[in-house]
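Could you walk me through this structure in the viewer, one selection at a time? I would like to know what to pick next and what I will find there.

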Amino acid sequence: MFAFIRTALVLLYFVLVAILGIFVCVFRPFNPDNSRICGRLFSWGAIKLLGITLLIEGEEQLDGLEPGIVVANHQSNFDLFVHGAVIPAYTATIGKKSLKYLPFFGQVYWLAGNILIDRSNSKKSIDMMSQITDAIKNHGTSIWVFVEGTRNLGKGLLPFKKGAFHMAVQTQSPIYPICASTYAGRLQLGKWHSGVVLIKVLAPISTAGVGDENVPTLVDETQNMMADEIHQLDRRVAAMTA
């Protein structure tokens, strides 16, 4: 029963923040810093309502970073609340075009300046990639990508998609890996303290001098590094909650 009430309160908070976000974004539509502001708002209250202790390490590395590609692991819909706490300034995320039609959230997501792609239309996807490249190189905007492409539901990292890495190589932009400990399927929402989540901002990965032919190696190295880090985070969370 407590878990149901908690979930209902989070849903209400989600709708209220989305409405507030729409009003904020209407006065500064498509501003590249809208995503950070909205992400912080979604995270701030939802994490408290969910009873999660959220600990962040390495956040100072996000201060004043040059435009690049942020890559993160994708576990569940709660990622909005977990990762929302560390969205860097002037960062847009990439999402499916269908998100635009979700009540309240879709409108704030679009107005926040995030990038909506139609994966079923290859021509539009190519045109969007050109816009993304322009945003990084000419407008100082970083791009946040959940590189698995879909939620892993806490069952370990799925194979990484190469698109984000091609973007980084083509723009010669750094890659900023961000890892969250495994929480999907492990939170105990029926308890007052539902669990601990650790977020670690890893050191940037330079792509200077890296060519498209090196992308597969870059993908493998990044995935292995993030998988190792998530394993370490999970061990630390287990020790904290033992």
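Start by selecting Ala72 and Phe146: Ala72 stands opposite Phe146 in strand S5. Keep in mind along the way that this is a predicted model. Widen the selection to the two strands, and you have S2 (residues 69–72) and S5 running parallel, joined by four bridges.

Now add strand S3, residues 91–96, which pairs with S5 in the parallel sense over three bridges. A good place to look is Thr91, whose bridge partner in S5 is Ser142. How enclosed is S5, residues 142–146? Four of its five residues are buried, so the strand is largely enclosed by the rest of the structure.

**Strand S6**

Go back to S2 and bring in S6, because the next stop is covered too: six of the six residues of S6 (residues 175–180) are buried. S2 and S6 are parallel, with four bridges between them. Select Val71 and you will see Pro177 of S6 opposite.

Show the side chains of S6 next. Ile175, Pro177 and Cys179 point one way, Tyr176, Ile178 and Ala180 point the other way, and all are buried. For Cys179, the relative accessible area is 0%.

Which strand pairs with S6 in the antiparallel sense? That is S7, over three bridges. Pick Ile178 to find one partner, Val201 in S7.

**Gln75**

Select Gln75, in the loop between S2 and helix H3 (79–82). Is Gln75 buried or exposed? With a relative accessible area of 2%, Gln75 is buried. Display its surroundings, leaving out residues up to four places away in sequence, and you will find that Gln75 touches Arg151, Asn152, Leu153, Gly154, Ala180, Ser181, Thr182, Tyr183 and Ala184. Ala180 is one of the S6 residues you have just visited.

**Asp212 and helix H6**

Jump to Asp212, found in the loop between S7 (195–201) and helix H7 (215–241). Asp212 is partly exposed, at a relative accessible area of 40%. Leaving aside neighbours within four places in sequence, Asp212 contacts His166, Val169 and Gln170. For a sense of distance, draw a line between the C-alpha atoms of Asp212 and Asn152: they are 27 Å apart, with the two positions 60 residues apart along the chain.

From Val169, move on to helix H6, residues 163–171, where the buried residues are Ala164, Phe165, Met167, Ala168, Val169 and Thr171. Just after H6, select Gln172 and check the backbone: phi is positive, near 50°.

**Salt bridges**

How many salt bridges does the structure hold? There are three, and each deserves a selection.

Begin with Arg36 and Asp33, whose side chains meet at 2.7 Å, N to O. Arg36 is partly exposed at 26% relative accessibility, while Asp33 is buried at 7%.

Next, select Glu57 and Arg236, which meet at 2.3 Å, N to O. Glu57 lies in strand S1 (residues 52–57) and Arg236 in helix H7, so this pair ties together parts that are 179 residues apart in sequence. Glu57 counts as partly exposed at 24% relative accessibility, and Arg236 is partly exposed as well, at 32%.

Finish with Lys200 and Glu229, whose closest N and O atoms are 3.6 Å apart. This pair links Lys200 in S7 to Glu229 in H7, 29 residues apart. Lys200 is partly exposed at 22% relative accessibility, whereas Glu229 counts as buried at 17%.

**Cysteines**

Now pick Cys25 and Cys38. Why is there no bond between them? The sulfur of Cys25 has its closest cysteine sulfur in Cys38, at 4.0 Å, which is too far for a bond. The structure holds zero disulfides. Cys25 is buried, with a relative accessible area of 0%.

**Last stop: the surface**

Switch to a surface view and select Met1, Phe4, Ile5, Leu9, Leu12 and Leu16. Together they form a nonpolar patch on the surface, with about 680 Å² of accessible area. Take Ile5 as an example: this residue is found in helix H1, residues 2–26, and counts as partly exposed at 39% relative accessibility.

Notes. Residues numbered from 1 in each chain as written. Predicted model: local features only at pLDDT ≥ 70, side-chain atom pairs only at ≥ 80, totals over all residues. Heavy atoms only, no water. Buried < 20%, exposed > 50% of the residue type's maximum accessible area, 1.4 Å probe, protein only. Pairing = 2+ DSSP bridges. Contact = heavy atoms within 4.5 Å. Patch = residues over 30% accessible without salt bridge, like charges linked within 9 Å, V, L, I, M, F, W, Y side chains within 5 Å. Areas by Shrake-Rupley, 256 points an atom, 1.4 Å probe, with all protein chains shown as cover. Salt bridge = Lys/Arg side-chain N within 4 Å of Asp/Glu carboxyl O. Disulfide = S-S within 2.5 Å.
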